[in-house]
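Open the model in your viewer and keep the selection tool at hand. We will walk from stop to stop, and at each one I will say what to pick and what you will find there.

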Amino acid sequence: MLEVYLNQIASGALTGLVYGLATLGLSVIFGVCRIINFAHGEMMVVGMYLALMAFRWFGLDPLLSVPLVGAILFCCGYALQGALINRLIDVPEHMQFIMLTAIAIVIVSACLLIFGPDLQNAPLAYAYDSYAIGPFLIDKVRILAGGAALVVAGLLGAFFRWTYLGKSIRACGDNLTGARVIGLNVKQLFAFSFGLGAACIGAAGCILLLLVDVQPYLATDYTLLAFVIVIVGGLGSLAGALVSGVIIGVSEALAGLLVQPSLKSVFSFGLLILVLLLRPQGLFGRQQG
Amino acid sequence: MLRLSLAEIPPRGRLLLLLLLAALLAAPFVVPHYVLSVLIIVLYVAYVGQTWNIMMGFAGLLSIGHSLYFGLGAYASATLFVKYGISPWLGMIVGGVLAASAGAFIGALGFRFRISGVYFALLTIAFAEFARILFDNFAWIGGSAGYFIRVGDRDAVDLWHLRGTPVMFFYLWLGFNVAVLALCRVLLTSRLGYFWLAIREDQQAAEALGIDTFRYKMIAVMLSAALTAFGGVLYAFYNNNLFPATTFSVARSIEMLLGTTIGGVGTLLGPIVGAFILTPLGETLTVLLAPLQDRGLRLDGVKQIFYGLCVVAIVVFQRRGVWPYLARKLKVERGGESAR
Amino acid sequence: MAKLHRPLSRRVVLAGASAAVAAGIMPRRAHAALAPLKVGVIHPTSGFMAMIGQICNRGAVVAPAILKDLGYPDLEIVYGDTESNPDIARAAGERLIDGGAQILVGAFDSGQTTTLAQTAEQRKIPLMIDIAGAPQITEQGYQYVFRNFPRAPDIVGGALNVHKLVFAASGKTPSKVVCLYRNDTYGNAIKGALDAMVPKFDMPYKIVEFIAYDPQSRDLSVEVAKAKATDAEVVLAVSVANDAILLTREMVKQRWEPWGVLSAGPGWYDQSYRKALGKLGNYVISTVPWHDPRKKLTQLMLQALDKKYPGEAVDSSTAYVFEALLIVADAYKRAGSAAPQALVEALRATNIPASDSITIGNGKGIFFDAKGQVNGIPMAGVQNQDGLPKVVLPLASAEANLVFPVPGWQARV
């Protein structure tokens, strides 16, 4: 029985890394643009479908499609921000929410129209492989997915830490007025950040295709999940998003084992409520002034 | 914030409102059955939109988990009726108390721990989802298989047990709407209403003036929750079936606030206007597409795309809501009151 | 006075008699006088059950022409979509009734059918349930609802009998079974029936654990891990196609090879399942009501389906919808009127001989009891072989040989 638990923890952690990567995108968008992206799950589903098409047309393994899908979603995000989201910066939250929800509805329905309602996936040659390492029996796809998520997150972290552009974006997030004062082109940086966030989400979707079949209505679950993770980890913290993703992934797996599987989301929401009450800035977030 | 109360609407506005009421009163005698069922949906959206508006528009708290209160009212009254034969009007009291308690709990948590804005909204979503999953696994009241009220003879009108024709429900929904509209108008022009306005505009200043913000916000939350629960009761007895997945869903919470947001948050007539725009929009699209689908054309999702685009357009062009815009166009607003 | 009537000569009488006889043996198009009956066919054609809903509708696509050729009245089919949602099912029903539908057929999913039945009863329009297993639908005392499909207790009873046949035929009897079921109306109905009936049927196995999973779940690895940990030899599943695909994949990845999967519902024989999994989808045994390929009408149906949808195997989803329309057409013919009361009385008096129907059925024919239910419908054992569903039990109707225990995953890939 211990084996079962260990395996579940391991696979929960690996899946959690992918969730964490998706949440990074959400975190970047909120941290800088102060927009709560309620179309998060839908963008991830778009990423999944793009990876699916790349697989069908070019035979590209989803992991190899990550740069491509990331680039496409970056452009989409950039354009969307300029065209629509920009108008929402000063608008009350409920309008933001409605606008993004409406965009989400449009995206889901477009996917439904183009791809149909059925579950689809990329049948990879190694889809059913698993590694047996000691007591662990882990799917190959989960290991690859977790690894890919770490790599992308690492690249993102490096970008923010060491490039000028990355630092400018962080500056906008930390202190908008100050950023303006030192002459940063805030408008462009906003658009860039939204694009970057979208690219992250798209990359995560790409990777997620390895683990989960895609259908248009997948999105809502993932949006909620991403919000739970980002709150628990703390908005604006990259490490927080990843760690929190792992925590949520593991908690869902364990909850399913300990209690009834159909109750496993209760734990995630319980954790969200606890964090909101006791430490609203999240485990890794900074105290909001 | 643009506020319109009935007493202050110039004659033109009052006339429009009365015309609408007259039209609705006469509707069941004139329109086909299908249109009547659409009107019932419109009135439901308008009602729950108005009750949501109390919490958002008056107290400034964004709740995306209002389906929790709705579901509590629905299940409480349905359970009492099916298991003990208790009238839904009494069930409404029970449901209202339950919902108000839940609202008080959430509100207290939020205020005590200083959670506001989007974080508060997420808290409300979390509680609604909690309820959904718990009810899904609550076998005594059907669980995910659903809870059903036995449908009796539809033609016999039994007001005490809320069994009867769609026409009866139409007038009930209309009555609920009129009642809640009147209530909101009375509240807005009362002392309570001005405290709410103060809290909403600048909470710190309000506190500095000595207003007990906690107390008045809680009143708004509990009132909003209880009234929403009443709507849940009516809905349960009209539909005769309840499923946690659709009753407590985030989608339902969104449905409840969409109309008001489109129509104009904080206004008295915003929820009504929004409901009258959105619901017919969706239904018209369905009806237009139906003959094409009969011929085998696969058009899944087209209706929702149009719907979503319409909502985006409305938000982009009239971010304060359609009603304030209409009010200006129809020259219905009071002179001198500026929109914020 | 002129003679107005010629005395009846033998010739005239003979001519008249032969005309009468000829009229008797000619194909009866006598009911061409009846206007086409507007039938509202409602299934989940969008949403997560879209695939199976569309397959259900195939029965409605081919039925009217075939039935008309056999002398039944015209059926005008109008479609409604439940969007896989019980609330929308109700609205779809209302819309079709407002559009003039005189009788409804539907809706495949138990939850959606329950709300549709409420609507039909309220609007006093008959509902002919083609597929839906929840027992309570015909326990409400409804006057307008009829069902030609087994209820969960019948399904379970039939399934348990098939299980015994499987063990007898293969010589392998499991002692532990784990049940993975979908937490929805149908899944819960089956679970309830299993709880009640497994002890009474004197089954050789014990169901060691019931594991319910969330219908919206996208990841069933925890559920499968739990099931594997019970060390059960056989899996009893109640799912739809999407879950079946997820469960199978997890079993492969977790390297769990039970003796076999026995399904007491849809999903595991569905086209989408077979296509998604290929060889890995073989050997699942579904205990389901099925069509009888030896019957005449069934053959006509299979031919028409093969022409319209070449290469696609036919399953009970299509067959039961067709049979529902047969019942509707038959009732309309006898009623001679589309008035709801007339249709309901005609439906109550339905008695279609077994040889004229499509499904295996109870052997005595299609007739309803006081609650509007057809009783005694047996389950067939259908096993996926070479990517197609094949009847393997009862042996008398078998199209292929039973394979049990089933080959392991690695052996197939």
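Start by selecting Tyr325(B), which you will find in helix H14 of chain B. Bear in mind along the way that this is a predicted model. Is Tyr325(B) buried, partly exposed or exposed? Its relative accessibility is 32%, so Tyr325(B) counts as partly exposed, given that the partly exposed class runs between 20% and 50%.

Now add Leu15(B), Leu16(B), Leu19(B), Leu326(B) and Leu330(B) to the selection. Together with Tyr325(B), these residues make up a nonpolar patch on the surface, with a combined accessible area of about 500 Å². Colour helix H1 (11-30) and helix H14 (322-329) of chain B, the elements that each contribute two or more residues to the patch. The largest share, three residues, is supplied by H1(B).

Next, turn to the aromatic rings. Over all chains, the structure holds 38 aromatic pairs. For one of them, select Phe111(B) and Phe214(B): their rings meet edge-to-face, with 5.7 Å from centre to centre and 85° between the planes. Which parts of the chain does this pair tie together? Phe111(B) belongs to helix H4 (residues 88-112) of chain B and Phe214(B) to helix H9 (residues 213-239) of chain B, so the contact links parts that are 103 residues apart in sequence. Switch on a surface to compare the two partners. Phe111(B) counts as buried because its relative accessibility is 14%, whereas Phe214(B), at 40%, is partly exposed.

Stay in chain B and show the side chains of Tyr44(B), Tyr47(B), Phe70(B), Trp89(B), Trp173(B), Phe176(B) and Tyr235(B), which form one aromatic cluster.

For a change of scene, look for charges over rings. Select Tyr238(B) and Arg90(C): the charged end of Arg90(C) sits over the tyrosine ring, 5.4 Å from its centre. Then move to Lys191(C), which lies over the face of Phe210(C) at 4.8 Å from the ring centre.

The last stop is in chain A. Select helix H9 (residues 219-233) of chain A, which has 15 residues. From its first C-alpha to its last, the helix reaches 21 Å, close to the 21 Å expected at 1.5 Å a residue. How many residues of H9(A) are buried? The count is 13 of the 15, so H9(A) is largely enclosed by the rest of the structure. Finish by clicking on Gly234(A), which follows H9(A) and has a positive phi, near 105°.

Key
Residues numbered from 1 in each chain as written. Chains lettered and ligands numbered in written order. Predicted model: local features only at pLDDT ≥ 70, side-chain atom pairs only at ≥ 80, totals over all residues. Heavy atoms only, no water. Patch = residues over 30% accessible without salt bridge, like charges linked within 9 Å, V, L, I, M, F, W, Y side chains within 5 Å. Areas by Shrake-Rupley, 256 points an atom, 1.4 Å probe, with all protein chains shown as cover. Salt bridge = Lys/Arg side-chain N within 4 Å of Asp/Glu carboxyl O. Helix = DSSP H or I, 4+ residues; strand = E, 2+ residues; numbered from the N terminus. Buried < 20%, exposed > 50% of the residue type's maximum accessible area, 1.4 Å probe, protein only. Phe/Tyr/Trp six-rings, centres within 6.5 Å; stacked < 30°, edge-to-face > 60°. Lys NZ or Arg CZ within 6 Å of the ring centre and 35° of its normal. Expected span 1.5 Å × (residues − 1).
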